[in-house]
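The report below describes how a protein chain is divided and how its helices pack together. Please read it alongside the sequence and the model.

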Amino acid sequence: MVRNQYQAKMMRICGHEDMASFSFNNKRERMADRAYARNTLCAECSGKVRGLIVAGAPGGFHRVSPVMMRGTPKRVTWATQIRLEKLRKFGPVMAHLASLSEDPLARKALAVYEMLFAVTAAVFWIDNRSPNAFCQYWLVSEIEHLSRSTDLYSAHYLPSSVYGHCRKFEPALIAGARAVFVELEKVSAEADQSAQVQMGEAAA
Ligand SMILES: [Zn+2]
């Protein structure tokens with residue numbers, strides 16, 4: 001069966017427009033594709049976020065508060081060890097993100113990692129012990145989850161999603177990270193407004 005294909009300019013969740021490709025068999029799929037495109041980052045922002053992790057230079061270290069791990073004693077020991085390994089890996093990345101305080105995407109990325117390292121469920125750390133966990137594409141999708149004001153109807157969360165985990169088990173962590181996102185969006189809306197005023201004055 002030949003799938004319908006087309007490209008369309010879509011407004012993405014980051015507030016930028018870009019071309020999204022669609023390939024669908026029926027109206028339901030087409031609607032789902034469009035909803036997905038509206039609720040994800042544009043190609044440029046997604047690339048920028050992924051670049052933030054690559055750029056994580058060794059040297060600096062970003063401290064996070066210790067957590068009281070929850071689970072059976074055996075699991076708690078194992079999970080604490082895994083969290084420590086991840087902290088060694090991402091501590092320098094977070095330090096790099098913290099140094100980019102003028103970059104809203106870097107601040108959102110840092111909020112995601114701070115939310116991750118506040119997770120107290122031992123089983124989440126054990127399930128995500130793979131060395132590849134919490135890297136570039138994971139970060140893009142966590143930023144997308146936190147950018148949405150409501151959850152997508154069709155959203156499914158991978159076991160590695162810290163947003164998916166917190167939504168079910170530690171919702172207070174989402175509230176903390178979302179507060180950072182809301183604050184950043186307010187600042188950028190004000191900046192847009194003042195830029196428009198300035199353009200208006202220049203034109204007058
Ligand atoms: Zn964008």
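## Domains and model

The protein is divided into domain 1 (4-38) and domain 2 (50-197), with bounds that come from an automatic or database domain assignment. The C-alpha centres of domain 1 and domain 2 lie 27 Å apart.

This is a predicted model, in which local features need pLDDT of at least 70 and side-chain atom pairs count only at pLDDT 80 or more, while totals for chains, interfaces and linings use all residues. Residues are numbered from 1 along each chain as its sequence is written.

## Nonpolar core

The largest nonpolar core (buried Ala, Val, Leu, Ile, Met, Phe, Trp, Tyr and Cys residues joined through C-beta atoms within 7 Å) has 35 residues, and Val49, Ala109 and Met115 are among those with the most contacts inside it. Its largest share, 8 residues, comes from H4, where helices are DSSP runs (H or I) of at least four residues, numbered from the N terminus.

Leaving aside neighbours within four places in sequence, Met115 is in contact (C-beta atoms, placed from the backbone, within 7 Å) with Val162, Cys166, Leu173, Gly176 and Ala177.

## Helix H7

Val162, Tyr163, His165 and Cys166 of H7 are buried, that is, 20 or more other C-beta atoms lie within 10 Å of their own, with C-beta atoms placed from the backbone. Seen down the axis of H7, the buried residues fall within an arc of 160° (taken from the directions from the helix axis to the C-beta atoms), so they line one face of the helix.

Methods. Buried ≥ 20, exposed ≤ 12 C-beta atoms within 10 Å, placed from the backbone. Helix = DSSP H or I, 4+ residues; strand = E, 2+ residues; numbered from the N terminus. Contact = placed C-beta atoms within 7 Å.
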